[in-house]
Structure formats: C-alpha cells, structure tokens
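Reader: I should be grateful for a close look at one part of this model, namely the interior around a single helix residue. Please describe the surroundings in one connected account.

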Amino acid sequence: MNEDEYWMKQALALARRAEQFGEVPVGAVLVKGAKVLGAGLNCLIGDADPTAHAEIVAIRQAARRLGNYRLPGTTLYVTLEPCSMCAGAIVLARIQRVVFATPDPRTGAARSVFRILDDPRLNHRCELAGGVCQAEAAELLREFFRNKRAQRRQSS
C-alpha cells in the first residue's frame with residue numbers, strides 16, 4: 001500500500017463513521033509529512049451546519065492546531081471530490097495537494113463540474129490526484145443512497 005492509499009483508508013474510516021450518524025459518508029484527513037493535522041467527517045445534520053463538510057472540519061482543526069489559517073505543504077485526502085465551497089476553502093488555506101477518491105459529477109469542483117483547485121486565474125493552485133481507492137468510496141456512497149431511497153419508499 002502506498003502513502004496515498006494509506007491516508008485514503010483513514011479518510012474512508014471517517015466516512016464510515018459519518019454514515020453511522022446518518023450523514024453522507026465523506027471523510028477527510030489533512031496531513032503534513034507523516035503527521036495528521038486535521039481530520040473530519042461530514043456532520044451537517046448533526047451540527048445543523050451546512051458548512052460542516054468533512055474537508056472544512058479537517059481544515060478548521062488543522063488551522064487551530066497550527067494557529068494559522070494558511071496550511072502550506074499539506075495534503076488533503078478526501079473520499080469525494082470537493083464541492084465549490086470546500087475548493088474555495090482549500091485554495092484560501094493554500095493546501096498544496098488534494099487527493100480525492102471518487103469524482104462528484106453533480107457538484108465536483110476539482111475536475112467534474114468546475115476546476116477551482118487548479119484554475120490559473122486564482123492566486124493559488126493545488127496539485128491534484130483522483131481515483132485513489134475510488135471503487136471503495138464510490139460503493140460506500142452508492143450503498144448509502146440506495147438505503148436512503150429504500151427507507152423513503154418504506155415510509156411512504
């Protein structure tokens with residue numbers, strides 16, 4: 001297992017925890033070298049906070065830990081391609097590299113719908129890698145939404 005796979009597996013474990021809380025299963029780990037600076041899982045419902053995406057939670061934790069809103073030299077591992085809100089925060093935090101497991105064809109802002117993270121018009125661009133543990137992350141999301149749809153059908 002290479003380094004990207006190792007950290008993505010940590011993010012996937014967080015995604016599974018999010019699912020246990022009824023949240024969309026997305027997890028994120030922000031590292032520098034071999035040290036975790038921040039980790040997060042989706043907690044929008046539990047926190048009643050539309051900004052509580054896994055990436056934002058991990059970025060906030062790392063910024064507090066370092067006492068700095070800039071996080072240069074870091075890598076963010078996230079199980080789903082970041083949305084535009086998260087991509088904006090990633091750029092503002094000056095995160096060096098973003099590794100995501102599976103694309104998001106509806107709201108992805110790294111490659112799928114928008115290209116915020118490497119847009120040459122912005123003052124910071126991230127290195128990008130996609131597809132790390134993609135099958136596992138995609139299946140976790142598919143199963144979550146399949147179960148949600150089945151629950152809705154049963155309750156109606």
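**The surroundings of I90**

Author: Leaving aside residues up to four places away in sequence, I90 is in contact with I59, L76, P82, I95, V98, L117 and C126. The model is a predicted one, and the account below should be read accordingly. I90 itself belongs to helix α4, which covers residues 84-93. Its relative accessible area is 0%, and I90 is therefore buried, the limit for that term being under 20%. A further relation across the chain concerns H124: 34 residues separate I90 from H124 in sequence, while their C-alpha atoms are 9.4 Å apart.

I90 also has a place in a wider assembly. The largest nonpolar core comprises 25 residues, and I90 is listed among those with the most contacts inside it, together with L71, L76, I95, V98 and L117. At least two residues of this core come from each of β1, α3, β3, α4 and β4 (97-102). Another core, of 18 residues, lies apart from it and includes M8, A11, Y77 and A129.

V98, one of the residues touched by I90, has a contact list of its own. With residues up to four places away in sequence again left out, V98 touches L76, P82, I90, L117, C126, E127, L128 and A129. L76, P82, L117 and C126 thus appear among the contacts of I90 and also among those of V98.

I59, another contact of I90, leads to helix α3. The buried residues of α3 are A54, E55, I56, A58, I59, A62 and A63. Their cover includes α4 as well as the strands β1 (27-32), β2 (35-41) and β3 (75-80). Helix α3 runs over residues 54-66, and its 13 residues should span 18 Å at 1.5 Å a residue; the end C-alpha atoms are 18 Å apart, so the expected and computed values agree. After α3 comes G67, which has a positive phi, near 65°.

Aromatic pairs complete the account. The structure holds two of them. In one, Y6 and W7 meet edge-to-face, with 4.9 Å from centre to centre and 80° between the planes. Y6 is partly exposed at a relative accessible area of 40%, whereas W7, at 8%, is buried. In the other, F144 and F145 are likewise arranged edge-to-face, with 5.1 Å from centre to centre and 80° between the planes. Here F144 is buried, with a relative accessible area of 6%, and F145 is partly exposed, at 36%.

Terms used: Residues are numbered from 1 along each chain as its sequence is written. This is a predicted model: local features need pLDDT of at least 70, side-chain atom pairs count only at pLDDT 80 or more; totals for chains, interfaces and linings use all residues. Side-chain values use heavy atoms; hydrogens and water are left out. Rings of Phe, Tyr and Trp (its six-membered ring) pair if their centres lie within 6.5 Å; planes under 30 degrees apart count as stacked, over 60 as edge-to-face and the rest as tilted. Buried means under 20% relative accessible area, exposed over 50%, partly exposed in between (1.4 Å probe, protein chains only). Helices (H or I, at least four residues) and strands (E, at least two) are DSSP runs, numbered from the N terminus. Contact means heavy atoms within 4.5 Å. The expected span of a helix is 1.5 Å times one less than its number of residues. A nonpolar core is a set of buried Ala, Val, Leu, Ile, Met, Phe, Trp, Tyr and Cys residues joined through side-chain atoms within 4.5 Å.
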